[in-house]
Amino acid sequence: MQNKALVTVFIPIYNVEKYINKCLTSLINQTYKNIEILAIDDGSPDNSKKIVSEFAKKDSRVKLIEKENGGYGSAIEVGIRQTNTKYFLICDPDDWLPVDAIEKMVNIAEKDSLDLVVGDKFNVFEGTNLQKYQSTFSEDLNIRSRYVYTKKDDIQRFAFGLVSPHAKLYKTKLAVDFKFPHHVSYTDFSLFILFLTKAKRVEYINSPLAYYLIDRKGNTNTSTNPSKINDYLVGWESTMLQLPLTKGENLDEILFRMLLQLKFILGEYSRLGKVDFNGKYFNQIYSSIKKMQLYRSSIKNGTLNNTSVQSKIVNYFLLNSITSKVATKFLARKYKYNQK
């Protein structure tokens, strides 16, 4: 007799009929069986829903949830609200999991009483099926594998790794109050950053626990649409508004990460074409950078802000009310020049 599910897997679905079969097959064949699979159809117009329904007929763990189109964040919101399991993870419908991925994550989460487990992944290239190992954390972060992190600063350093949902097992009760913007992409940033402000026990496994189809046509990461800048900024603003800044918590590392995200967005904007210093997107980025000036002292205290003299100088000018506009323009030009 099957035990009560301990893990819910969310699959946000929109126009993925070509890929969903492989994703679901990898989930129902997991060596860890006590899972629930919520395929959340976000108003998809293709045959994805029909494929999920066929799986649901054969495996009671698969459940189809239909909703009006609201975007990736709205699908994750629905998933979190409707799960009753201790943990959840997200598997995008064009991705899939190694057969023992969930077993490895659950076993270590239960053994070490964890709030969050983070693993690595394989990037898979659609045209050639080439697989390339991708570590979630760079070596300079000094995040050890198989070590339980409990100090706030150490946990917040996880924010400087890859924020995508791949190979991340979350404790459900810590995420139930999160809100995600609708009709935009890149809301996985909000989930990971906000979760790190609540997590008390976090562990990293240096093992590939997901396959990510990195170059699929229609993948948000391959988009060249200028609207992606709006999506990034909406996600950033939503995250910033939900940070527990009024509770006097030490968020030095997280706030520095939020500044880095703005610098990343500025870089993405610069790469799209001509930088308009009077345009909507530049002004929105600059306005967000100005908001970070309130937290200049915290950002200065962030340990990772002290790793590069050049970075410290740039950040100083960005966070100075007198030089901020000039520094933002300088960075935009630098990012643009580096693409030539």
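Contact is taken here to mean heavy atoms within 4.5 Å. The structure is a predicted model, in which local features need pLDDT of at least 70 and side-chain atom pairs count only at pLDDT 80 or more, whereas totals for chains, interfaces and linings use all residues. Residues are numbered from 1 along each chain as its sequence is written, and side-chain values use heavy atoms, with hydrogens and water left out.

The protein chain contains twelve helices and nine strands, where helices (H or I, at least four residues) and strands (E, at least two) are DSSP runs numbered from the N terminus. Its radius of gyration, taken over C-alpha atoms, is 20 Å, close to the 20 Å that the globule rule gives for 340 residues, so the protein chain is as compact as a globular protein of that length. The globule rule is 2.2 Å times the number of residues to the power 0.38. Along the principal axes, the C-alpha atoms fill a box of roughly 65 × 40 × 35 Å. Among contacts in the protein chain with a separation of 6 or more, 80% are accounted for by residues 24 or more positions apart.

With respect to solvent accessibility, 56% of the 340 residues of the protein chain count as buried; the term denotes under 20% relative accessible area, exposed denotes over 50%, and partly exposed lies in between (1.4 Å probe, protein chains only). The accessible surface of the protein chain comes to about 16000 Å², and 50% of this surface belongs to carbon and sulfur atoms. Accessible areas come from the Shrake-Rupley method with a 1.4 Å probe, and for residues only the protein chains shown count as cover. The protein chain carries 49 positive and 35 negative charges, whose mean positions are 6 Å apart. In this count Lys and Arg are positive and Asp and Glu negative, while His and the chain ends are not counted; each charge is placed at NZ of Lys, CZ of Arg, CG of Asp or CD of Glu.

A search of the whole structure finds zero disulfides, a disulfide being a pair of cysteine sulfur atoms within 2.5 Å. C23 is in no disulfide, and the nearest cysteine sulfur, that of C91, is 3.7 Å away. For C91, the sulfur of C23 is the closest cysteine sulfur, and the distance of 3.7 Å is too far for a bond. C23 counts as buried at 1% relative accessibility, and C91 likewise counts as buried, at 2%.

Helix α2 (residues 48-58) includes F55, which counts as buried at 13% relative accessibility. Not counting residues up to four places away in sequence, F55 touches N21, L24, T25, I28 and V62. F55 and L162, by comparison, are 107 residues apart in sequence, with their C-alpha atoms 31 Å apart in space. In helix α3 (residues 72-82), the buried residues are G73, S74, A75, I76, E77, G79 and I80. The buried residues of α3 pack against β1 (7-13), β2 (35-42), β3 (62-67) and β4 (87-90).

Positive phi values occur at two loop positions. N15, in the loop between β1 and α1 (20-28), has a phi near 55°, a positive value in a residue other than glycine. N15 is partly exposed, with a relative accessible area of 36%. H183 belongs to the loop between β8 (168-171) and α6 (188-196), and its phi is near 60°, again positive in a residue other than glycine. At 56% relative accessibility, H183 counts as exposed.

Further along the chain, K291 lies in helix α9 (residues 280-292) and counts as partly exposed at 35% relative accessibility. K291 and L259 are 32 residues apart along the chain, and their C-alpha atoms are separated by 9.8 Å. Helix α11 (residues 309-318) holds S311, which is buried with a relative accessible area of 19%. Leaving aside neighbours within four places in sequence, S311 is in contact with F256, K263 and N305. F317 is also placed in helix α11, but is partly exposed, with a relative accessible area of 37%. Outside its neighbours within four places in sequence, F317 is in contact with T323, S324 and A327. The C-alpha atoms of F317 and A327, ten residues apart in sequence, are 5.9 Å apart in space.
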